[in-house]
Amino acid sequence: MGIKVLQQSKSQKQKEEAYLLFAKAADMGNLKAMEKMADALLFGNFGVQNITAAIQLYESLAKEGSCKAQNALGFLSSYGIGMEYDQAKALIYYTFGSAGGNMMSQMILGYRYLSGINVLQNCEVALSYYKKVADYIADTFEKSEGVPVEKVRLTERPENLSSNSEILDWDIYQYYKFLAERGDVQIQKALHYFLKAAKAGSANAMAFIGKMYLEGNAAVPQNNTTAFKYFSMAASKGNAIGLHGLGLLYFRGKGVPLNYAEALKYFQKAAEKGWPDAQFQLGFMYYSGSGIWKDYKLAFKYFYLASQSGQPLAIYYLAKMYATGTGVVRSCRTAVELYKGVCELGHWAEKFLTAYFAYKDGDIDSSLVQYALLAEMGYEVAQSNSAFILESKKANILEKEKMYPMALLLWNRAAIQGNAFARVKIGDYHYYGYGTKKDYQTAATHYSIAANKYHNAQAMFNLAYMYEHGLGITKDIHLARRLYDMAAQTSPDAHIPVLFAIMKLETTHLLRDILFFNQFTTRWNWLKLDNTIGAHWDLFVIGLIVPGLILLLRNHHG
C-alpha cells in the first residue's frame with residue numbers, strides 16, 4: 001500500500017502518508033518497509049534526519065541478511081558518520097552487500113578496485129563488478145528510455161544556490177519525475193501539445209507522436225499503424241526521428257512485415273543526419289548480423305559515433321567490445337571507464353536532484369549524506385560537491401576536525417577523475433595546511449598539473465606567485481612573469497589580479513635596482529624596510545604607486 005501511495009503521490013502530504021504506512025509495516029516486522037524507514041531516517045526524507053535510529057535499524061536488518069542495510073553500514077563506516085571510521089569494516093559490508101546483489105555495493109567495489117582505494121588496484125575485478133551493474137542498466141534502457149538527471153556542480157553555480165533561484169526548482173524536479181514515471185495526465189498534455197504542433201507542420205512533433213504510439217501507455221494506447229502514419233509524415237519531411245522510427249518498425253516487424261533491408265535503409269538515412277539512436281541501431285545490426293553479414297569494424301564505428309552524443313546503449317556495447325576484444329584490441333581500462341559511464345545512468349542518479357534541493361533548502365546534513373553516498377559510488381561531481389560542503393563546515397554529521405581531511409580526500413578523488421578545480425583545491429590545502437601539514441612543494445606540484453594539463457588560470461596565477469617568492473620552488477622572476485601573462489590570456493577574470501601582481505613584481509624589482517648598489521647595502525636596507533613597515537612593505541609601496549599612476553593617467557587624458 002505504501003509503495004502504491006508513494007508511486008502515485010503528487011504532493012508532500014501524500015508522500016508522508018506513504019511513510020506512515022511504511023512505519024506501520026515496519027512495526028509488524030516487514031523487512032522492505034524497515035529498509036524504507038531506515039533510508040528515510042538516514043537521508044532525512046519527509047521528516048527529521050536521525051542517523052542513530054537509522055543505524056539501529058540497519059544493524060538489525062543486516063543480521064537478517066539485508067544487502068541494502070549492509071551497503072548503508074559500509075557507507076557510514078567509510079566516512080565515520082554516526083559510526084567508527086573503519087575502512088576494513090566498510091569493505092566487508094560492501095562485499096556482503098554485493099554478494100547479496102546490491103548494485104550500489106557493486107558499483108562502490110568496482111570504483112575501489114579501479115582506483116585502488118583500500119584494496120589493491122585490479123582492473124579485471126573492477127570490470128566484473130561494473131559489468132554486473134551495466135548489464136542490468138542496459139536491460140532497462142532496452143525496455144524504455146531513462147531520463148538523464150542534471151548533476152548540478154555546487155562549486156560552479158553560486159547563483160543557483162539562493163532560495164529564489166529559478167533555474168532548477170521543484171517544477172523541474174517534478175518534470176523529471178513525470179518523464180520517468182510517464183504519468184497519464186502529463187502524457188495527455190504532451191500529446192495535446194504535439195498534435196497542435198504537428199497540425200502546424202512540425203516534423204519533430206509528428207515524430208514524437210509516432211514514438212508515443214509505438215511505446216504505448218495508459219494515456220496513449222499502443223498502435224503500430226498510427227505510429228507508422230506519424231513516423232511516415234515526419235520522414236517525408238526528412239526528419240531524423242521519423243526515419244529512425246520507420247527503421248524500428250521494419251526492424252521489429254511492428255505494423256509492417258519484418259524487413260531488415262528497409263530497416264537498414266531508414267537507419268542509414270537517420271544516422272547520416274546525426275541521430276544517435278539510429279547510429280546505435282546501425283551498429284547493432286552490424287554487431288548482431290541482423291539481415292546482414294556481421295561486421296565488427298562497422299559496428300564499432302557506429303557505436304562510437306552514437307556514444308559521442310551519450311547514447312547509453314552505444315556506450316554499453318562499446319564497453320562490451322573492449323572487454324572481450326571484439327573488433328578492437330582488448331582494453332580492460334577502456335571497458336571499465338565505459339561501463340562506469342553506463343552505471344552512472346542508473347536510477348540512483350536521482351539523488352543528485354534530492355541532494356541539490358536539500359542543499360538549497362538549507363538542509364546541509366541531508367544533502368551531504370546523499371552526495372557522499374554518490375561520491376563513494378565514484379561520481380566525480382558528487383565527490384566535488386561533498387568536498388565543497390565539508391570545507392564550508394556547515395554540516396553537523398562529522399566532527400569539525402575531520403572535515404578538512406575528508407574534504408581533501410574527496411578533492412583528491414575528483415582530481416584523479418580529471419576535475420581541474422579539484423586539482424587547484426588540493427594545491428590550496430597543501431599551501432595553507434588545511435587537513436594536512438603545510439607543504440609548498442606539494443602545493444606547487446598540484447598547481448603545475450592544473451596549469452599544464454588543464455590550462456587553469458587560477459593555478460597559473462598561484463604558481464607564478466610561488467615562483468616570484470621562491471615558495472617550495474626555486475625563485476624565478478622571468479617564469480613568474482610568464483605565468484602571470486598566461487593566466488591573463490587564459491581567463492578574462494584574471495586580468496585585474498594579474499595587473500596588480502605584475503605591478504607589484506615590477507615595482508619591487510625597480511626599487512631593488514634603484515635603491516641598492518651592493519649586497520651589503522641591499523641586505524641592510526631590506527632589513528630596515530622589513531623592520532620599519534613590516535614584512536608586507538611591498539604591498540605598502542604599491543598602495544602609494546597605484547594612486548600616483550591613476551593621477552598621471554587622469555592628467556594625461558585631460
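1. This predicted model holds 1 cavity of 30 Å³ or more. The volume of the largest cavity is about 30 Å³. Rolling a probe the size of a water molecule over the atoms is how such empty space is shown.

2. Which residues line the largest cavity? The lining is made by S78, Y79, Q87, E376, L409, L410 and R413. Two elements, α5 (67-79) and α22 (400-416), each give two or more residues to this lining. The largest share, 3 residues, comes from α22.

3. The lining of the largest cavity is mixed in character: 3 of its residues are nonpolar, 2 are polar and 2 are charged. Y79, L409 and L410 count as nonpolar, and E376 and R413 as charged.

4. A separate topic is helix α11, which covers residues 203-215. How far apart should its ends be? At 1.5 Å a residue, the 13 residues of α11 should span 18 Å. The end C-alpha atoms are 19 Å apart, so the model agrees with the expected span.

5. Is α11 mostly covered or mostly uncovered? Helix α11 is mostly covered, with 10 of its 13 residues buried. Buried here means under 20% relative accessible area. The buried residues are A203, A205, M206, A207, I209, G210, K211, M212, Y213 and L214. One of them, K211, counts as charged.

6. After α11 comes G216. The phi of G216 is positive, near 70°.

Note on methods:
Residues are numbered from 1 along each chain as its sequence is written. This is a predicted model: local features need pLDDT of at least 70, side-chain atom pairs count only at pLDDT 80 or more; totals for chains, interfaces and linings use all residues. Side-chain values use heavy atoms; hydrogens and water are left out. Helices (H or I, at least four residues) and strands (E, at least two) are DSSP runs, numbered from the N terminus. The expected span of a helix is 1.5 Å times one less than its number of residues. Buried means under 20% relative accessible area, exposed over 50%, partly exposed in between (1.4 Å probe, protein chains only). On a 1 Å grid over the protein atoms alone, a cavity is a set of points where a 1.4 Å probe fits but cannot get out, and a pocket is an open set with protein on both sides within 12 Å along at least five of seven lines; lining residues have an atom within 4 Å of a point. Grid points are joined across faces, edges and corners, and a volume is the space filled by probe spheres set on the points.
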